[in-house]
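Biologist: Got a minute to walk me through this one? I'd like to start with the annotated sites, then look at the packing.

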Amino acid sequence: MPAIVLVGAQWGDEGKGKATDLLGSSVDYVVKFNGGNNAGHTVVIEKDGKREKYALHLLPSGILSPNCVPVIGNGVVIDLSVLFEELDGLEARGVDTSKLLVSANAHVIPSYNRTIDKVTERFLGKRRIGTTGRGIGPTYADKMNRVGIRIQDLYDEGILRQKVEAALELKNQLLAKVYNTRGAEVDDVVEELLAYAARLAPMVADTSLVLSQALDRGETVLFEAGQATLLDVDHGTYPYVTSSNAVSAGACTGSGVPPTRIDSVIAILKAYTTRVGEGPFPTELHDDKGEFLRKTGAEYGTTTGRPRRCGWMDTVVGRYATRINGVTDFVITKLDVLTGLDKVPVCVAYDVGGVRHDEMPVNQTDFHHATPIYEELDGWWEDITACRTFEDLPPNAQAYVLRVEELIGARVSAIGVGPGRDEIIERFPLKPAVAH
């Protein structure tokens with residue numbers, strides 16, 4: 001059975017749960033391979049005739065599937081207090097979380113990195129990046145500087161104490177002398193982290209080995225990215241990005257599964273575009289149309305509650321995502337939000353100082369100054385939430401999907417037409433026909 005990578009094709013919040021739901025019972029493992037609790041996603045489940053909404057921040061969406069093993073890979077940074085808060089919240093609602101596995105090589109977010117994240121953003125003022133203040137960036141920086149704390153360190157108190165002492169030797173100087181903030185105490189940090197060790201122990205595993213053995217047995221593994229392509233630290237709109245690799249290649253480094261085992265890459269593309277935080281956004285709308293998209297699409301951050309910036313579909317971004325990720329299939333979500341518009345603009349290229357760009361400008365300055373070149377498509381007024389085949393869609397909605405598909409350079413295999421798990425059209429199977 002296949003190894004499938006699931007990524008966001010824009011700036012996040014595209015609705016990756018739709019693809020996970022469509023794959024359904026065929027998925028045996030769902031792996032989160034990057035990011036931390038800075039990326040939230042909402043999953044809506046029918047339960048006892050009612051729709052229940054679950055907001056997940058750190059946990060992979062597979063935690064909600066009874067027959068699926070959820071895995072937090074080595075590429076994730078983990079706030080242990082958030083991890084157990086989420087697990088407790090799900091268990092209180094009757095969700096079995098006992099199958100969760102956590103990589104021994106994943107890094108822990110210590111309390112001092114949350115402090116550094118928040119005070120740094122305040123210090124930057126107008127130059128701020130727009131982080132969530134949850135310590136993600138400083139923890140990835142520690143990882144690269146080789147002063148990070150890993151899950152396995154919680155089971156050797158001597159090593160843990162040495163690592164905390166080494167980290168705080170510099171960080172406390174930074175907090176006190178640059179940010180005028182009280183430093184952290186080594187004993188307090190060690191005690192806080194050790195408090196989680198016993199409960200965490202049954203979950204800790206060599207997840208790279210577990211996933212390799214699962215693929216050998218012919219089981220299906222879904223690798224689920226946090227954030228999205230344009231927030232990738234290497235390939236996104238730097239510096240307004242996250243601190244990890246959110247593109248498909250990150251699935252390999254963030255899980256310990258080699259690229260030769262990946263069968264397909266599914267990218268999620270919202271029928272319009274949204275962004276949270278700072279940074280360039282060529283199709284952003286500052287008028288009533290932008291407010292229409294925000295209100296109709298309920299565009300408020302799952303993790304932060306911040307209103308999302310909204311704009312029209314950008315197929316330049318879509319083409320970029322196709323190329324960077326090696327996309328085999330797209331899932332377009334929230335097509336229903338566009339219902340009721342006379343015309344639906346689609347960005348097909350950029351104008352930068354009088355020069356047309358059909359691809360993402362190589363220069364970040366050019367991207368900041370890009371003006372969208374739009375193609376206007378006819379809208380539709382019919383309610384599409386009950387549509388379950390492509391042919392059920394109004395002709396103008398079909399035309400919209402087909403034109404977007406042509407522009408982004410990969411097939412649109414599924415279309416979300418409402419918030420519910422079942423409110424989706426499957427044009428082509430998302431699971432590869434040929435597996436290992």
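Modeller: Sure. One note before the sites: UniProt positions are in the numbering used here, and annotations may be inferred rather than shown by experiment. Also, this is a predicted model.

Biologist: Fine. Which residues does UniProt list for "active site"?

Modeller: The unreviewed UniProt entry lists Asp13, His41 and Lys143.

Biologist: And for "binding site"? Which ones there?

Modeller: Asp13 and Gly40, again from the unreviewed entry.

Biologist: Where is aspartate 13 found?

Modeller: In a loop. Strand E1 (3–8) and helix H1 (17–23) lie on either side of that loop.

Biologist: Why call aspartate 13 partly exposed?

Modeller: Because its relative accessible area is 23%, and partly exposed runs from 20% to 50%.

Biologist: New topic. Which residues touch the most other members in the largest nonpolar core?

Modeller: That core has 58 residues. Phe223, Phe330, Leu335, Leu338, Leu393, Tyr400 and Ile415 touch the most other members. Helix H13 (residues 395–408) gives the largest share, six residues.

Biologist: What is leucine 338 in contact with?

Modeller: Skipping neighbours within four places in sequence, leucine 338 contacts Ala271, Tyr272, Leu293, Trp312, Val344, Trp380 and Tyr400.

Biologist: How many residues are in the second core?

Modeller: 37 residues, in a separate core. Val76, Leu90, Leu100 and Val186 are among them.

Technical notes:
Residues numbered from 1 in each chain as written. Predicted model: local features only at pLDDT ≥ 70, side-chain atom pairs only at ≥ 80, totals over all residues. Heavy atoms only, no water. Helix = DSSP H or I, 4+ residues; strand = E, 2+ residues; numbered from the N terminus. Buried < 20%, exposed > 50% of the residue type's maximum accessible area, 1.4 Å probe, protein only. Core = buried A, V, L, I, M, F, W, Y, C linked by side-chain atoms within 4.5 Å. Contact = heavy atoms within 4.5 Å.
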